[in-house]
Amino acid sequence: MNQWLSVKAKIRAPTAAELSCADPEKPCRVPNAFVSDPPLEQAVARSVESGARGRFSVHGSDQEWSVVAYRTGIRDDILFVASPTLLGTGFFQNAGDTLRIGLDAELSGGTDRFGWYGSYGLIQATFESSLVLPSNVDVNDAANVNGEISVTPGDRLPGIPRHSFKLGGRYDVTSGWNISLDAVVASSRVFVGDEGNDQAPLDGYTTTHLRSAYSLSESLELFGRVDNLFAVDYSTFGVLAEVELELQEVPDAADPRFVSPGSPRSAFVGARATF
């Protein structure tokens, strides 16, 4: 078994894109105009990581495992926040301290004809400072009359699932033909624009993928795969926003919860050649 411990400190200066869009009086849609440096403090990250890995045998077959735990605290983190005055725009600003505490665990192994793996990721990503951030009452009913929302220490950072799993198995039907099945699981996420965690989160999801390959020779292989095998309707990202068009022109436009849909069920077949 191998073990390790590492301690790191990193400093991240604001990027050019962030510096060009950090003025609350001049919010931007796409931060692509480079201007003189506004008052953004550099973000400083300090990390500690420790882990272990090893092997063990089951009925003569080697199995491998690894566990890594980490903690990263960021001082003066930089976030893109919504503008309370100009619809569909925002700006970068320092948002106090944030913290990410996580655990990654992996286990894999197999027998002569069957192989498998599993992994689990836990990340607790939170604000660590009391903040008042810009918002818009039209998209977040927790905003006050001044167009602001309150963030308290312990509120989750948007867009980051707390739990994630990956599971998979592969079976060799013959020496040249194999079939594999994989599943990806992700838990709920906070919507961007809901830094105060006042709204219902974006639902988690599970997707399954089927793959198979057949070797005609050492240099030619046929393959096929089906992604999202069970045609799950899911979303990978969510943001609170508002459209500028008339509501009757866009179905459900009054709902401020906009999401990025996941990939639908799709099938592919092909061949791989090695020269």
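**Exercise 1. How many cavities of 30 Å³ or more does a search of the whole structure find?**

Solution. The structure is a predicted model.

Step 1. Rolling a probe the size of a water molecule over the atoms shows where empty space is left. For the whole structure, such a search finds one cavity of 30 Å³ or more.

Step 2. The volume of the largest cavity is about 40 Å³.

Step 3. Its lining consists of Ile123, Gln124, Ala125, Arg156, Leu157, Ile160 and Arg162.

Step 4. Sorted by character, the lining of the largest cavity holds four nonpolar residues, one polar residue and two charged residues.

**Exercise 2. Trace the pairing from strand E2 through strands E3 and E6 to strand E7.**

Solution.

Step 1. Begin with strand E2 (residues 43-58) and strand E3 (residues 61-75), which run antiparallel and are joined by 15 bridges. Within this pairing, Ser47 stands opposite Thr72 of E3.

Step 2. Examine the turn. E2 and E3 form a hairpin with two residues between the strands, and in this hairpin His59 takes a positive phi near 55 degrees.

Step 3. Proceed from E3 to strand E6 (residues 98-110). These two strands pair in the antiparallel sense over 11 bridges, and Ser66 stands opposite Glu106 in E6.

Step 4. Proceed from E6 to strand E7 (residues 114-127). The two strands are antiparallel and 13 bridges join them; here Leu99 stands opposite Thr126 in E7. E6 and E7 also form a hairpin, with three residues between them.

Result. The order of pairing is E2 with E3, E3 with E6, and E6 with E7.

**Exercise 3. Which strand is joined to E13 by eight bridges? Describe the pairings of E13 in turn.**

Solution.

Step 1. Consider strand E12 (residues 205-215) and strand E13 (residues 220-227): they pair in the antiparallel sense over six bridges. As an example, Arg211 has Arg225 of E13 as its bridge partner.

Step 2. Identify the connection: a hairpin of four residues leads from E12 to E13.

Step 3. Consider the other pairing. Strand E16 (residues 266-273) runs antiparallel to E13, and eight bridges join the two. One of the residue pairs is Gly224 with its bridge partner Val269 in E16.

Result. E13 pairs with E12 and with E16.

**Exercise 4. Which strand gives the most residues to the nonpolar patch?**

Solution.

Step 1. List the members of the patch. Trp177, Ile179, Leu181, Leu210, Tyr214, Leu216, Leu220 and Leu222 form it on the surface, and together they have about 650 Å² of accessible area.

Step 2. Assign them to elements. Strand E11 (177-186), E12 and E13 each give two or more residues to the patch.

Step 3. Check one assignment: Ile179 lies in strand E11.

Step 4. Compare the contributions. E11 gives the most, with three residues.

Result. The strand sought is E11. The patch also draws two or more residues from each of E12 and E13, the strands joined by the hairpin in Exercise 3.

Note on methods
Residues are numbered from 1 along each chain as its sequence is written. This is a predicted model: local features need pLDDT of at least 70, side-chain atom pairs count only at pLDDT 80 or more; totals for chains, interfaces and linings use all residues. Side-chain values use heavy atoms; hydrogens and water are left out. Two strands pair if DSSP finds at least two bridges between them. On a 1 Å grid over the protein atoms alone, a cavity is a set of points where a 1.4 Å probe fits but cannot get out, and a pocket is an open set with protein on both sides within 12 Å along at least five of seven lines; lining residues have an atom within 4 Å of a point. Grid points are joined across faces, edges and corners, and a volume is the space filled by probe spheres set on the points. Ala, Val, Leu, Ile, Met, Phe, Trp, Tyr, Cys and Pro count as nonpolar, Asp, Glu, Lys and Arg as charged, and the others, Gly among them, as polar. Patches are made of residues with over 30% relative accessible area and no salt bridge: like charges are joined within 9 Å, nonpolar side chains (Val, Leu, Ile, Met, Phe, Trp, Tyr) within 5 Å. Accessible areas come from the Shrake-Rupley method with a 1.4 Å probe; for residues, only the protein chains shown count as cover. A salt bridge is a side-chain nitrogen of Lys or Arg within 4 Å of a carboxyl oxygen of Asp or Glu.
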